[in-house]
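Biologist: Please take a close look at a single part of this model, the place where a helix of one chain packs against a helix of another. I should then like the account to continue to the salt bridges.

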Amino acid sequence: MPDVKNWDQQISSFLLSPSQFLASTTCESFLAEVLHELRNDKANDQLKILLVSTLLEHPMVLCPSASDGEETALELLSIFSHLPQKSITLKCNVMLAITNVLICTSCLATHSKMAEDWLDLLFETIEDTNDYRCSLSQQPLRATACDCILELEICSPGLLSQKLEALNLLKHQETSILHQSYCTLYTLVLKNAIRTLTNQKEVTDLDFKSIFSGNEGFAWKTNPNFLPLNMMVQVPRLPPGLDCKELKSITSSLLDESYLLTPISQSTLLRDLVEIVAMVPGLSPTLFKSQLLRLFGTADIVLMHATLFMKDIFTDSLFTAEDENFLLKRLVGSAQHPLLRIPEKLFYMDCILHFPENRPISSSGEESLPVLITPSLAASLLPTVFNDSATMLCRLNLLSLVHLEADEGEAEKGISYLFDHIMALLKIIDGDSSREVVVTTFRALFIFLKHFNGMEEFSDKLTDKLCEIYSRHCQLAPHLIGLVDRIQDCLEEPLWSVKLLRGLQKCIQEIPPIQLTIHNLTWHLKVLKRVAKEGQIDQRNTIYLLLNVLINSNLCEIGNWQIGNAVLAVCRNVLEHPSIDRMFIALADLLQYISGNYDDMDIKDHAHFYYTLLTNLSREKLAGILAKDLDGERAKERSHSSVMAETDEVAGNLTVRKTKKQVLQLIKVEEKSPHSSSDQAESLGTTEETKNLLAVYQRQFQVPGFGSEVTLKYRLTHTDDTDPLFDRVYTICLQFEVKDTNYTKVSDIHVPCVFRDREPPEVIVKLKPHKPYPTTLHVSALFTTQDGLSWHSLLPDVSVTFPEIFLPLPLLPNLSSACKEMVFDKIWESGASGNPDKSAISLFCFKTGDEGLADLIKTHFQGYMIANEQRERVWKVLLFLPPKCHVLFRITRGEDAVQVSIATDNWELLPLVNTYLQKITDP
Amino acid sequence: MSLRALWVLSQEKGEPGKVRFSRRFPTVEFRAKSLVGSQYVAVPEDRDIPQLLLTELGLLDSDKPYVDARDNCARQHRSPAVELRLNGQGEKTLWPVITVIQGTLILACLPLVEAPSEPRPSLASLASVSQGLAFLTGLQDFLCGPGSKPEPDVLASRLAALPSVLLQVCPLGRPLDTPPPAGLVPAAVSPSPGGAQKQPAWKPVVHRGRATVSVALTEKVKSMQYGKSSRQDLWDVYGKVMCKCEVEGILPSVTVTLTLPPNGSPLQDVLVHPCMTSLDASILTACSVDGNDGSAFSGPYKFPFSPPLEPFRLCSYTSQVPVPPILGSYQLREEEKHLKVNVVLKLHESVKNSFEYCEAHIPFFNHNLMGSVEVKVSSGQLEVSKEKNLLVWVLGQKFPKSREATLDGTVNFSGTVAGPTDPLCTGLTAYVKLYFRVPDLTLSGCCVDQHSVQVYSSAKPRILTTRELVSSEYYIWNSTGDAPVSSGLTAL
């Protein structure tokens, strides 16, 4: 095993992207290395904590199955038990890791032996309260054990439900800061026990009492995750009439001591207690009365939030109308309190919009205002230009809702304030401002229009103002188009959008020609293209304008492709316009002018094509062709076309469609004998050269490209999908994408055709590794179907395994075996002596019978055999891995096991070699 | 009530973001998966996080004028949570990602949604959201400390300490506490003795030595003055009481009392620290959003509490006072090639004429750089910063006896280089901004009497009380120009 490793860098690259990291190793070997290093007495705690973090963060990546999980947890447990007492932090981390692994690999859910033992150990730890003896240093261990048990209980609710008496005692005895951990754990277990009981059909006093006095084993039955009560349609309840004296005294004492907890833990405790009281009819919510004042006044966001939860669950059984009003006022006050932080204030505004009223009018869960919020109460939340953008938008949305609901007089004043605010924002962007301000302003416009688009006095003024600003700042075009589209998406009546577009069209028309530069023309054409989509807007002016610009400027001579394309994009949308008849001649003139004068061949051709479509097809046909793309797939199809993005939809042939399912696949051709390297070796043979065989061998690698390729054979066949459309596909272009950086780009492969009823064609994929690791290829295909349509389709990923990269020794095949053996021995010698410096040797042993060994060698190593000395029971195998790595095996039959001595000139391959050997020798 | 993942990112201007710290909580992830089944969306790997998050926050590709994914007007950024759209995974999104931004640092966490995924529950209904928010603000204090921007090496060492902090406050994704504020370790402490008295989780150690209680009352005043009869001037006062209590004992009892002068208007919107042991209902009744209620309680305000060891904000309040401390007028006129400037500041008679500092800043935006400046002041000195287009009028420690000071003159912008710009201040829309601090004064009249601080402990404690008034966003707008509306309250 290599000893010098830069763990810091390895772990951080693993954490940054486990998938990329594991592309060059396997998770088994990485995990094995991590565990090995954890056992290393010389490694310091800090390094070990770093190593454990891999299992803390990605247990599922390293232990994909339950058995891996159990095995790893066992390993960790043995590491844990051998750690010295002083390694507290490391021990805590290992504890967390074991808990993580057991929960995530479902060992907990399936009640595995390891999970059981672990829970016993954790419980023993929290019961061992004698750590005062050995000072306070062992306290963190108990705290972590509590956290782990808590997590196990959360993931398997009810697990500790028969331990409440013991937990109560522990909670009672503990006076150190660990009191919080015991208290939180006890409350959660109590809540889950009661929740479990509510599932029971009949609950007697005895059943109920027994939960407090339980001190038995763990309840290994699986409850599903419990949702919080505010997420339940119906709150689960115990039957009335149970004797609640004991529970009442428990809950009161928990509540009384709650101030000893940190605010976050206090809020958790409060929520658990609220759920308990809500589930037990014999307990009254008035229990919380004594805490309310403290909670109403709190500056702490989690406690305020817990209060709202309480309000949601208990409504008027705990909160009077007066309380409700007061709480709401506190929320509005907090939503703008100068001493709170912005995210907190935004959260409070969200709480106002979802305020749990005692008597809610609707219960849709959508944003809705509580009836108590009046314009005068919310006046302090009116947006201003001095707000940061999130606050401003949040306030604007809230106040828009307030004024939608308000009485006429108040609403009028309020809405005109909001309108003035929008105008103030527009004035700011008129003065050339940053992108952030522009984006915020358009978001504000969207909110305002969404609520008040029906009020024409405002929406008309906005239209005028936006057009006026556009005439000065045409770079706002994409924002305006975005606004128009989004407003159309969310309103049924697109009146406002049409008005704005009409205004913009007029505005562009009125711009003096001298101001039309190539730069701002690009923006104007974008707007006109969008305008042309509106059936209600007359397009003649657009066409005249375009013709006018082309005739009276040097645009045609410049022949800028982008501008030409943008002009054609407008024309294309006009072609589709419902009143195309009225502008037929004008459009024909324009297209003819472009096809005759525009100095770009592509643009000319396209203009001519449109002209032909326009003049030769009936309106219905034209509409039919153009409407072809109007199905849902349009956006995706368009993005795959490589030519003329704006106009390609016209001709179906230019469009590349995406298949919904996988149509084709590559199936590996299993070869009996190993593939041979395609490169020609230099001829060898004369005796003096054989003396220096190794040097000659190595000289071959100076020839560029020598021995650098792995050739893999596949058959290209149909998948099981039986869509007859794809029975015959033609001119297939296979494209490969390598998932990692270990291989060079794989070039495209062209296949003439694949028919479902014929022999599938063979495809040869040539891989050039930088490093010979297993990899995965993403494959996609472009092809044509019989109807002439082009398609893009993904194929199932192709994985290239480690043995697939093996090549035989790249020497002439007719070279004598003695020569080959000589090369083998030379490489072995230099490897064993540590030259080059990445060399390493290793040993692998396994048990098998004589026949088994022979079979194994025949199946796996036949083509790589260098020497086969049956009598001496020694086999020499050489695997060559491009571009320049060697793995050598010397297999010997020992007394009771087979030994594989391994030598390689690249130790990084050892984990892969190990895994490979394990796999092929696994009985 | 758990977090699925936590990230600390940094983004220097124009550079791609970088993950500085991250932590995933796989057991919470396990629950997320079992809660929503096939609707489950996995958390992307860390290398993909910066791109996804920065797109949502509008911080990516600042050189491109419009990117739909970033600038779409229907994507509303009006809550503390954003939604990450995962590329190449259909319509899959990850929500709610809570973010807190400070300077170049972006803190983010993904709380567990304990609810069916459809329909999407509200933020307000999810317990983990407020916990995540509190956790992030605690983390912000831990990483950045009281200053606005920590030095790179300080930040690096705090980031390096995060794993051990998380081991204590959030070992398995369920926050138990917020990270401790940075650099605030109390002086003489020792572990708790461990007796019958239960120890609060927020106070792992106890103080040893002489008892000291310091109470610092800071009031801030904000103002917008327009000098127009059509527009009402505004001034807001808000205060906070910071405490540092070094008192022996596990749960010592301390009471601080705030008093107002006989005719003082009540303290409003009072928010208190969780260590408060009990609270009188009348303290909370006054609320700024409610209009003024003359009959309201006006003190004394008694705050009994058992203090933590680190300094903390005992309470905060807002107050409505009848007059602003400094009344200003600003007149700016355009004359041929220069601007004519006139500023008058009057100190109200109720305000002590003894400042630690007092300055008026007069910036000129959207002009070329200044040329000649011919300005006279009746009191104090004038500093001219030509490269910033800024006049700084230093009034010093005192106003003259008349309590009035004037600045008058002309400024010429003959430079050829453009000066600083501001989207708001165009044309004659311009302001004077005041900066001042007055020790031993509050506008509300609120004060903490040294003798009213009660500490129930054996030794006689040392008690320090201070108070001060500080300006904050104190603007005087040019009365000849259009000033932007700064509050909806007066408009309605």
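**Helix packing and salt bridges**

Modeller: In this predicted model, Ile301(A), Val302(A) and His305(A) of α16(A) are in contact with Ala127(B), Ser130(B), Gln131(B), Leu133(B) and Ala134(B) of α4(B). Sorted by class, this contact comprises five nonpolar, three polar and no charged residues. Helix α16 of chain A spans residues 301–314 and helix α4 of chain B residues 127–144; their axes lie 9 Å apart, at an angle of about 170°. Angles over 145 degrees count as roughly antiparallel, and α16(A) and α4(B) are therefore roughly antiparallel to each other.

As to salt bridges, the structure holds 40 over all chains. One of them joins the side chains of Glu75(A) and Arg39(A), at 3.1 Å from N to O. Glu75(A) belongs to helix α6 and Arg39(A) to helix α3 of chain A, so the pair ties together parts 36 residues apart in sequence. Glu75(A) is partly exposed at 31% relative accessibility, as is Arg39(A) at 40%.

Another salt bridge, at 2.6 Å from N to O, joins Asp430(A) and Arg472(A). This pair links distant parts of the chain, with Asp430(A) in helix α21 and Arg472(A) in helix α23, 42 residues apart. Arg472(A) is partly exposed, with a relative accessible area of 46%.

Within helix α24 of chain A, Arg486(A) and Asp489(A) lie three residues apart, about one turn of the helix. The closest N and O atoms of their salt bridge are 3.2 Å apart. Arg486(A) is buried, at 18% relative accessible area, whereas Asp489(A) is exposed, at 58%.

In chain B, a network of salt bridges links Glu56(B), Arg75(B), Glu83(B), Arg85(B) and Arg120(B).

Definitions and conventions. Residues are numbered from 1 along each chain as its sequence is written. Chains are lettered from A and ligands numbered from 1 in the order in which they are written. This is a predicted model: local features need pLDDT of at least 70, side-chain atom pairs count only at pLDDT 80 or more; totals for chains, interfaces and linings use all residues. Side-chain values use heavy atoms; hydrogens and water are left out. Axes are lines fitted to C-alpha atoms, for helices over the stretch in contact, and angles run from 0 to 180 degrees between N-to-C directions. Helices (H or I, at least four residues) and strands (E, at least two) are DSSP runs, numbered from the N terminus. Angles under 35 degrees count as roughly parallel, over 145 as roughly antiparallel, 65 to 115 as roughly perpendicular and the rest as oblique. Contact means heavy atoms within 4.5 Å. Ala, Val, Leu, Ile, Met, Phe, Trp, Tyr, Cys and Pro count as nonpolar, Asp, Glu, Lys and Arg as charged, and the others, Gly among them, as polar. A salt bridge is a side-chain nitrogen of Lys or Arg within 4 Å of a carboxyl oxygen of Asp or Glu. Buried means under 20% relative accessible area, exposed over 50%, partly exposed in between (1.4 Å probe, protein chains only).
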